[in-house]
Amino acid sequence: MKFIAEIRNVATSVISNVEKKKPFYTVLFPDVDLPGLVTSDLEKAIEGKFHQSSRANQGRKLLSIAFEIKAEACALKFFSYDCDDNMLIAYIATLTEHGDSFFMPLAKLHIDRKISQQKLCETSRAHFKVKYFYEILKFEILTLTIGEASGVFPKEDDVRRFEYMINQHVKKLGVEAFLLFATSQEGISELAGKYNFSETKVRKDIIEMFISGIANNQETLIDEACYNFPKALTANYSLVKGLTERP
């Protein structure tokens with residue numbers, strides 16, 4: 001498929017330009033065909049999106065996938081840099097519970113007291129950072145390829161508003177993981193009992209509304225999502241305000 005071949009070309013060019021300035025991705029991904037890996041992952045992500053009637057419509061559908069990648073990057077950035085250790089450990093617990101192949105053995109080492117809590121957090125943050133830079137790379141490559149193929153580019157204001165939305169959502173996910181997995185700490189069990197966890201789905205639905213607005217070029221839908229999202233955050237605001245502010 002021509003579009004997939006173009007992704008490979010763009011990936012090769014972008015990575016090459018970065019590496020000319022200073023080795024970066026070759027350090028993060030030694031002995032990996034990174035353009036090939038990015039191309040393969042994006043091909044899987046955009047499968048079935050090429051039936052649209054026009055290049056512009058096709059470009060909008062593909063752009064919505066780019067925003068999904070941006071959401072993942074924002075989440076990884078938060079857990080790499082911005083959340084405290086308590087939230088991080090709680091989030092690791094959720095990943096372990098869901099069978100994550102990286103965190104299950106790592107968590108076991110901590111449970112067996114073979115690594116310290118500090119080492120657990122350091123290793124986890126390093127893992128998230130590599131994934132974060134990879135998602136950022138995928139976003140850049142996909143948006144550049146979409147722009148060249150269809151003339152559709154993400155609006156800076158849409159990206160800015162979406163990043164704000166995702167950053168707030170992920171911060172609350174960290175709080176929610178902490179409330180669920182740190183109940184042994186004083187006062188947390190009582191706090192968790194008062195917390196309205198239905199807010200999580202409300203936030204996710206609003207984010208999906210935003211992405212749908214991107215996919216269908218409906219600015220009113222995007223504006224509606226941006227209007228509704230701050231209101232969704234107020235449900236538990238006073239209850240957990242202190243937990244969302246990293247010391």
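# A tour from T143 through helix α4

Begin by selecting T143, which, leaving aside its neighbours within four places in sequence, is in contact (heavy atoms within 4.5 Å) with L63, A66, F153 and P154. Before going further, note that this is a predicted model, in which local features need pLDDT of at least 70 and side-chain atom pairs count only at pLDDT 80 or more, while totals for chains, interfaces and linings use all residues. Residues are numbered from 1 along each chain as its sequence is written, and side-chain values use heavy atoms, with hydrogens and water left out.

T143 lies in helix α7, residues 117–150; helices here are DSSP runs of H or I with at least four residues, numbered from the N terminus. With a relative accessibility of 8%, T143 counts as buried, a word that stands for under 20% relative accessible area, with exposed meaning over 50% and partly exposed in between, for a 1.4 Å probe and protein chains only. Now add F139 to the selection: its backbone oxygen lies 2.8 Å from a polar atom of the T143 side chain.

Stay in helix α7 and select K138, which at 11% relative accessibility also counts as buried. Not counting residues up to four places away in sequence, K138 touches V38, D41, L42 and I69.

Next, colour the largest nonpolar core, which has 72 residues and in which I141 and F210 have the most contacts; such a core is a set of buried Ala, Val, Leu, Ile, Met, Phe, Trp, Tyr and Cys residues joined through side-chain atoms within 4.5 Å. Helix α4, residues 55–82, gives the most to this core, with 13 residues. Centre the view on F210, whose contacts, leaving aside neighbours within four places in sequence, are F67, D158, R161, F162, M165, I222, A225 and C226.

From there, show α4 together with helix α10 (residues 198–215): the two pack at an angle of about 150 degrees, with their axes 7 Å apart, where axes are lines fitted to C-alpha atoms over the stretch in contact and angles run from 0 to 180 degrees between N-to-C directions. On the α4 side the contact is made by R60, K61, L63, S64, F67 and E68, and on the α10 side by F210, I211, G213, I214 and A215.

Which rings should be selected next? F78 and F79 have ring centres 5.0 Å apart and planes at 80 degrees, so the pair is edge-to-face; rings of Phe, Tyr and Trp (its six-membered ring) pair if their centres lie within 6.5 Å, with planes under 30 degrees apart counted as stacked, over 60 as edge-to-face and the rest as tilted. Both rings belong to residues that count as buried, F78 at 8% relative accessibility and F79 at 2%. A second edge-to-face pair is formed by Y81 and Y132, at 6.3 Å centre to centre and 80 degrees between the planes. Because Y81 lies in helix α4 and Y132 in helix α7, this pair ties together parts that are 51 residues apart in sequence. Y81 is partly exposed, with a relative accessible area of 35%, whereas Y132 counts as buried at 14%. To see a wider group, select F78, F79, Y91, F102, F103 and F128, which ring pairs link into a cluster.

Finish at V175 in helix α8, residues 156–181, which is buried with a relative accessible area of 0%. Draw a distance from its C-alpha atom to that of L42, 133 residues away along the chain, and the separation is 31 Å.

Notes:
Polar contact = N/O pair within 3.5 Å; in protein donor to acceptor, adjacent residues only side chain to side chain.
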